[in-house]
Amino acid sequence: MPRFLSAQPDARLIPLPWSVPLAAWPTEHLVALPRGISRHVVRFIQVGDGVLAAKEVLESPAVHEYRTLQELHRVGAPAVEPVAVVTDRVGPDGQPLDPILLTRHLQFSLPYRSLFSTGVRPETVSRLLDAMVVLLARLHLIGFLWGDVSLSNILFRRDAGEFAAYLVDAETAEMHDVLTTGQRAHDLDIAIVNLFGEFSDLEAGKLLDESLDPLELVQQIESRYHALWRELTGVEEFSGDELFRIESRVRRLNQLGFDVAELDIRTARDGSSVTIQPKVVDAGHHSRRLLRLTGLDTEEHQAQRLLNDLDTYRARYGLGHVEESVVAHRWLTESFQPVVHAVPPELTGKREQAQIFHEVLDYRWYASQRAQREVPLTEAVHGYIHDVLAVLPDEVISNEFVGAGSRTLLNPYDPSQGFADDEEEEEAPFDPWEAAASDPDFESLPAVFDIDALRKLKG
């Protein structure tokens with residue numbers, strides 16, 4: 001009888017075929033979902049109405065990863081949620097089987113191979129790089145030494161016009177009170193080596209835009225990380241008559257999506273100079289505010305977009321004198337909920353609700369420009385559903401195998417195995433998961449975080 005290590009035991013796990021090697025599990029328990037490359041056997045399994053990711057791994061790293069993910073989940077870090085570790089597995093022949101680590105499937109998430117496909121524009125890749133940099137900085141802020149930063153260990157979710165990145169694999173990770181400069185540099189060096197190899201692999205497989213160079217991409221990651229880290233933790237000194245720069249620093253951090261829980265301020269004895277340094281910085285500034293006002297739990301850029309629309313709603317209806325929480329309730333019931341409730345049930349797997357609302361706002365703006373009038377929200381949402389949402393691929397659970405013409409996946413539950421006819425093909429294999437990836441259309445980002453421009457904007 002297998003043993004279950006879990007903080008929240010689920011009786012529905014007990015009847016599953018734990019005595020069978022994960023690679024041989026019957027298909028009635030499996031779900032075909034896109035996933036990244038892994039050195040372990042990984043499958044998505046159906047448990048009730050939910051889906052879990054199952055990874056077969058040795059007991060010591062399985063338990064270590066489970067504990068580490070628990071700690072990340074406790075502090076609200078962007079990582080997959082651990083569910084259980086299944087040990088003491090024995091096969092039909094009496095031989096022991098490796099334990100299985102179970103994590104909750106992150107809905108609406110995509111592995112990098114579903115995004116770095118032929119034709120994806122450089123500015124889309126730029127947004128993915130930013131998401132990776134923010135993820136690494138957030139983890140370093142809480143003392144998390146990853147030890148194996150790579151594209152394969154990250155999942156991406158759409159976040160308004162950007163992406164949010166989530167940690168998937170924590171086998172080699174360590175939690176510390178504070179990371180030293182050397183530890184952070186070591187993690188960044190690992191990231192550069194791993195990511196260069198993965199970008200080169202995508203380039204060799206003709207899955208990377210020809211204008212993108214793997215070396216330049218990893219150099220951008222390094223420069224962006226250092227720029228962000230300086231803004232989050234760096235010391236800033238100014239004259240005593242420029243005290244407004246204290247508030248400006250906090251506003252810049254808020255704009256980047258971070259709250260300042262503690263700010264170290266030191267003043268010269270004669271008052272001629274002031275030195276400030278953020279001591280405790282916590283991500284999620286906008287998402288926490290939106291959650292407090294509306295109860296909506298969203299990604300950070302989605303929250304910022306929704307809050308902007310809330311402010312517009314307040315101004316449009318002259319509600320500046322009304323309590324913010326009251327206005328937020330009206331906006332929720334009169335703007336947000338009618339939009340998401342208008343989506344037919346068969347299309348709810350296309351995008352999560354906050355992302356749909358963001359895309360409706362974009363659709364409304366472009367429609368208003370074309371029509372040279374303000375398009376009502378009701379008209380915009382129906383146009384968006386018909387013109388955009390209906391033709392998008394699902395980004396949530398689907399039991400339908402995405403086909404590629406007449407080609408057949410060798411194993412629909414393990415897309416990394418390729419196609420049944422790959423040996424007969426000379427050209428690069430066509431990946432149906434990648435072909436289904438959408439390509440957001442937004443203006444290009446700079447090669448580094450433009451902190452100076454942000455300072456001018458917020459100063």
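Here are three short exercises on this predicted model, each with a worked solution.

Before you start: residues are numbered from 1 along each chain as its sequence is written. Because the model is predicted, local features need pLDDT of at least 70 and side-chain atom pairs count only at pLDDT 80 or more, while totals for chains, interfaces and linings use all residues; side-chain values use heavy atoms, with hydrogens and water left out.

**Exercise 1. Find the helix that gives the most to the largest nonpolar core, and list the contacts of Met132.**

Step 1. Get the term straight: a nonpolar core is a set of buried Ala, Val, Leu, Ile, Met, Phe, Trp, Tyr and Cys residues joined through side-chain atoms within 4.5 Å. Buried means under 20% relative accessible area, exposed over 50%, partly exposed in between (1.4 Å probe, protein chains only).

Step 2. The largest such core has 53 residues, and Met132, Trp146, Phe156, Leu167 and Phe199 have the most contacts inside it.

Step 3. Among the elements supplying at least two residues each are α2 (122-141), α3 (181-204) and α4 (214-233). Helices (H or I, at least four residues) and strands (E, at least two) are DSSP runs, numbered from the N terminus. The winner is α2, with 10 residues.

Step 4. Skip the neighbours within four places in sequence, and Met132 touches Leu151, Ile154, Phe156, Ala165, Leu195, Phe199 and Ile221 (contact means heavy atoms within 4.5 Å).

**Exercise 2. Work out how the pair Phe336 and Phe357 is classed, and which helices hold its two rings.**

Step 1. Recall the cut-offs: rings of Phe, Tyr and Trp (its six-membered ring) pair if their centres lie within 6.5 Å; planes under 30 degrees apart are stacked, over 60 edge-to-face and the rest tilted.

Step 2. The centres of Phe336 and Phe357 are 5.3 Å apart and the planes sit at 45°, so this pair is tilted.

Step 3. Phe336 belongs to α8 (residues 324-341) and Phe357 to α9 (residues 353-371), so the pair ties together parts that are 21 residues apart in sequence.

Step 4. Check burial too: Phe336 is buried at 4% relative accessible area, and Phe357 is buried at 0%.

**Exercise 3. Say how the pair Trp18 and Trp25 is classed, and which residues make up its aromatic cluster.**

Step 1. Trp18 and Trp25 lie 5.2 Å centre to centre with 65° between the planes, an edge-to-face pair.

Step 2. Both Trp18 and Trp25 are buried.

Step 3. Together with Phe4, Trp18 and Trp25 form one aromatic cluster.
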